Each structure stands twice: as C-alpha cells, then as structure tokens.
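Thank you all for coming; I would like to walk you through one helix and its surroundings, so please keep the view in front of you as I speak.

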Amino acid sequence: MTIGPYLQNAWYAAMWSADLAPGTLVARTILDEPLVFWRPASGGVAALGDRCPHRFAPLSMGRVAGDVLQCGYHGLEFNAAGACVNNPHPNRAVPPGTTVGTHPVTERYSIVWIWIGDGEPDESYIPDYSLLDAAPVENVSRRDYLLMAANYELIADNLLDLSHASFLHAGLLGNEAMVDTRTDVERAGNTLWVSRFTPDVPVPRLYDLMFRQDGRNVDIWTRIRWDAPGCLLNDTGACAPGTDRSTGTGLFGVHLLTPETATTTHYHFCAVRQNAVQRDVAADEHIRTQLSELRHRAFEEQDRAMIEAQQRNITRSAGEMRPALLSVDAGIVRYHRMVEELRAGAPGDS
Ligand code: FES
Ligand SMILES: [Fe+2]
C-alpha cells in the first residue's frame, strides 16, 4: 500500500471562512508548508509563508495593520503579495529579496480555498458546494473540524467505502442488516460517485432522528461524490420501504480533506439536511444539535480512532503492505486509479 505525492494544481480547503476573523492571523500548515492566513482591510484573503525573511520569526506571531501584516519581532511589514513594503528602522531600506512566498486564495461556499501548484488557478475546478450557503441555517449542522493523524487518502478511502458503517458505526449510521448491499461506481470526467442502496432494514439512529422517529424499517441510500484533491459530498437518506426517495429525508454530508503533512490531515465537515421534515423550532434545533454531535462523535471516536491506528500499521510496514480486495473496495480502487492519472498529468475518462 503506497501513498503518493500530493496532487498539484488543485484547490485545497484551508478553513471555514468563519474561522478567519478580520484582524486575526491564522497559522496553518498545508502540504508541509507553514502558512499564515489573514484578511487585508481592502478585501480578500492572503496566504503567506509563515516565516519572516529577516530573522525567520513566524509571521503568524505578528499583527494585521490595515492592508499589511506586520512582523511581531522587528516590525517589517508585508503586503498580500508577500512584498516587504516598510522597514521602520533607520535608513528604512528594504534589502532586495525581502519577500515571502504566497499562494492564490479564494473564498467560495463559506470556505477559504488555497491553490497549490504552478499552473494558472482556475476557480472552475472548485467543486459545487453551493448548498452550504443556500440552505436555511436551521438545516445546516455545525461547520466542524478535526485534525486527523493519518494521510488524507486513508480518509478518502474511509468515505468511499461506506460499508464500514455497518460495523464501525453500528446502530448510529448503519447496522449488520445493511451489509448485503451492492456498491456501484460511476465516473464522469474527473468526478467519481460511489452508491449503495439498501432496502427495508432497521433504521440506524441518525436516520431515525431525521425521518420518522419511530424505529420502523426504512430503505437507505448513499451516493458519495469525490472530486480532486480531497472534496467529497455524501447524498444519503432514508424513506419508507418501497417508496420513492423523494418521500424520505436525509442529508448532504460535506467532507473536505486537506493534507497538513503526509501523515496528518485537516478534516472539515458539515451536514446539510435535504427534504427536511420540518417540525417546530425547538424540534428542528434539537435535530440540528444532535446531527452535529452524533456526526462529530462518529468521526472522532470511531473513524478517527480506526484510521489513525491503520496509519500507524502502515507506517510501521514502510509501505510494504498489499491490501486484500473485497467487492466493497470498488470505489476505492477507482479513486486511486484516478489519483494516479491526475498525478501523471493525463486525466481523462476510463
Ligand atoms: S524577524 Fe521579522 S522583522 Fe525581524
Ligand atoms: Fe465512518
């Protein structure tokens, strides 16, 4: 089992927009590179290398002063393009090369995206998460975050094989009655979907919470979308057995995976209810809180514990492991093939 180099010329989710308050500096390592994010007063978001060219202090220990970031050590000031625009000391000369590296950054769907690569940053590569901004606030769970001690491809593997819900999330997101389910894989261009449909099974807790709250059997669908480099959207829900899914309810799970290092990942996630059964304000707020709490618990205590332990085994094996392939791995196999194509720079249908 090998984990390859990071995908280049791609937009990575750096953080939720709400996590970058005006006037603050947020230090975040992305693809092994320490960066500092901030909002220049005149607009936009800047991402600079988090190391001052003077004495190498982290710029994230400085402060925002209007349109510049002032180093906290001796006060050099840098603009959003990374140029030193002020030396406050006698003679005020700015030595040549007193600059810091930058990356293109944009904000879309309440997410700060950073472009990594030498190519022209093309915003059309950002997958559609417009539902995040379009949904009524009571239908959107907490915009959540975990730092996972595992390579981001292992987390993508976890999400592209949701058969694990029957075991790792038994009772909460799945159960053993759901094991006997076919996994279907489709690809269009550089987007991959992995789908599962399970008829007439006991309802897992999270689905019951959103749907009828009566414990009766349901049909369950999951259809998860992957776009490079680590952008996933899970369309999942429950309906009464034998009925059309438009009569049911569920959620869209947003999952954004950004490598911090080869063995650590920034994991941002959020759920948007779809076709929500509206009750009263208090009941809807209860569902929203429960959705946030139960999903956080599932991802932190169940997925994270398992994936981090898996990473430790893989690290110990120094890449010598060959996974045994099961039918449920169909999506994972296709995903790794697409990643290899993108690494080779020759993406296309297959
Ligand atoms: S280290 Fe930044 S100004 Fe000296
Ligand atoms: Fe999981």
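In which hand, left or right, does α2 pass α5? The model is predicted, with local features needing pLDDT of at least 70, side-chain atom pairs counting only at pLDDT 80 or more, and totals for chains, interfaces and linings using all residues. Residues are numbered from 1 along each chain as its sequence is written, chains are lettered from A and ligands numbered from 1 in the order written, and side-chain values use heavy atoms, without hydrogens and water.

To answer the question, α2 passes α5 in a right-handed crossing, meaning that the near helix is turned clockwise from the far one by less than a right angle. Helices here are DSSP runs of H or I with at least four residues, strands are E runs of at least two, and both are numbered from the N terminus. Glu153, Ala156, Asp157 and Leu160 in α2 meet residues of α5 that include Tyr335, His336 and Arg343, where contact means heavy atoms within 4.5 Å.

Turning to α4, α2 passes this helix in a right-handed crossing as well, and Leu154, Ile155 and Asn158 in α2 meet α4 residues, among them Asp303 and Ile307.

Asp303 also brings us to the metal, since the protein donors of the iron ion (ligand 2) are His164 (NE2), His169 (NE2), Asp303 (OD) and Asp303 (OD), at 2.1 to 2.4 Å; donors are N, O and S atoms within 2.8 Å of the metal, or 3.2 Å for Na, K and Ca, and sites may look incomplete because water is not among the atoms. The donors follow the spacing H-x4-H-x133-D along the chain, and histidine 164, in the loop between α2 and β12 (183-188), lies 139 residues from aspartate 303 in helix α4.
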